[in-house]
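The following exercises concern a sheet and the helices packed on it. Each task is followed by a solution in steps.

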Amino acid sequence: MRATLDFPNDETLTLSPAILAARGLSKQVGFDHETLTILDEVSFALPEGSTLAIVGASGSGKSTLLGLLAGLDSPSKGSVELAGQALDTLDEDGRARLRARQVGFVFQSFQLLPALTALDNVALPLELSGQGDAQRTAQALLERVGLGHRLQHRPKELSGGEQQRVALARAFVTRPKLLFADEPTGNLDTQTGERVIDLLFSLNAESGTTLVLVTHDERLAARCGCRLRLAAGKVVERQGL
């Protein structure tokens, strides 16, 4: 029997085909003896294989929502189901294990380990999970993103665009079901950013991964099949959801 989410406006979301679902997701923090609402009653269900852009002005709650969806933070109320698992039934270690199995990340600041080569940065998630042929798999993916000649270079020896391509390779190397990308072109110039985004969407299509993309770039958001627009922590527009 399929589980459903019932919303105050009598809408019903069917959970079984969804890779990611949120119900009544809210986040509040104390600030100067007051309660500040960062995110207010966000609900949606995202089918597997979809591409979703979370858009809105600075301070609208985009990155907060991403953190809650990925289980990196806990909501004040509401719930998240990721790959069929309710995050509120897991402790911190359990959420980390779920992310390691099911989720990839791409960040604005790349988040590469500076002491490791490009090859070792990409191979690391496979090595940590005990998978064989980590180096060979990592090399093949770095060649796919056009960095086969930069395998032994460390992050400081790479350009920003090259570092983000290494980060893309690392995100996809475990073949995640779900990829979270938080302003992935924010530190890149326009031309380099467009090349990185083309690569991101190509890899996503090849892998059949579900993409959740936080961006302020409307042109980039338009490339996604679904859109969720936030303002002051509330959903003000949804498309394809």
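Contact here means heavy atoms within 4.5 Å. The model is a predicted one.

**Exercise 1.** Determine the strand order of the open sheet of 6 strands and identify its edges.

*Solution.* Step 1: the order reads β8-β9-β10-β5-β11-β12, and the pairing is mixed. Step 2: β8 (103–107) and β12 (234–239) each have a single partner strand, so they form the edges, with one side of each lacking a neighbour in the sheet. Step 3: from one strand to the next, the twist averages 15°.

**Exercise 2.** Characterise the pairing of β8 with β9, then place helices α1 and α2 on the sheet.

*Solution.* Step 1: β8 and β9 (residues 178–182) run in the parallel sense and share 5 bridges. Step 2: Val106 has Ala181 of β9 as its bridge partner. Step 3: α1 (residues 62–69) touches β5 (51–55), β9, β10 (210–214) and β11 (226–231), at about 155° to the direction of β9. Step 4: α2 (residues 92–102) touches β8 and β9, and its direction makes about 85° with that of β8.

**Exercise 3.** Which residues of α2 are buried, and why do they line one face of the helix?

*Solution.* Step 1: buried means under 20% relative accessible area; Gly94, Arg95, Leu98, Arg99 and Gln102 are buried in α2. Step 2: viewed down the axis of α2, the buried residues lie within an arc of 140°, so they line one face. Step 3: an α-helix has 3.6 residues a turn, so residues three or four places apart point the same way. Step 4: the buried residues of α2 pack against β6 (77–82), β7 (85–86), β8 and β9. Step 5: the face of α2 turned away from the buried side carries the exposed residues Glu92, Asp93, Ala100 and Arg101.

Note on methods. Residues are numbered from 1 along each chain as its sequence is written. This is a predicted model: local features need pLDDT of at least 70, side-chain atom pairs count only at pLDDT 80 or more; totals for chains, interfaces and linings use all residues. Side-chain values use heavy atoms; hydrogens and water are left out. Two strands pair if DSSP finds at least two bridges between them. Helices (H or I, at least four residues) and strands (E, at least two) are DSSP runs, numbered from the N terminus. Axes are lines fitted to C-alpha atoms, for helices over the stretch in contact, and angles run from 0 to 180 degrees between N-to-C directions. Buried means under 20% relative accessible area, exposed over 50%, partly exposed in between (1.4 Å probe, protein chains only). The arc is that of the directions from the helix axis to the C-beta atoms.
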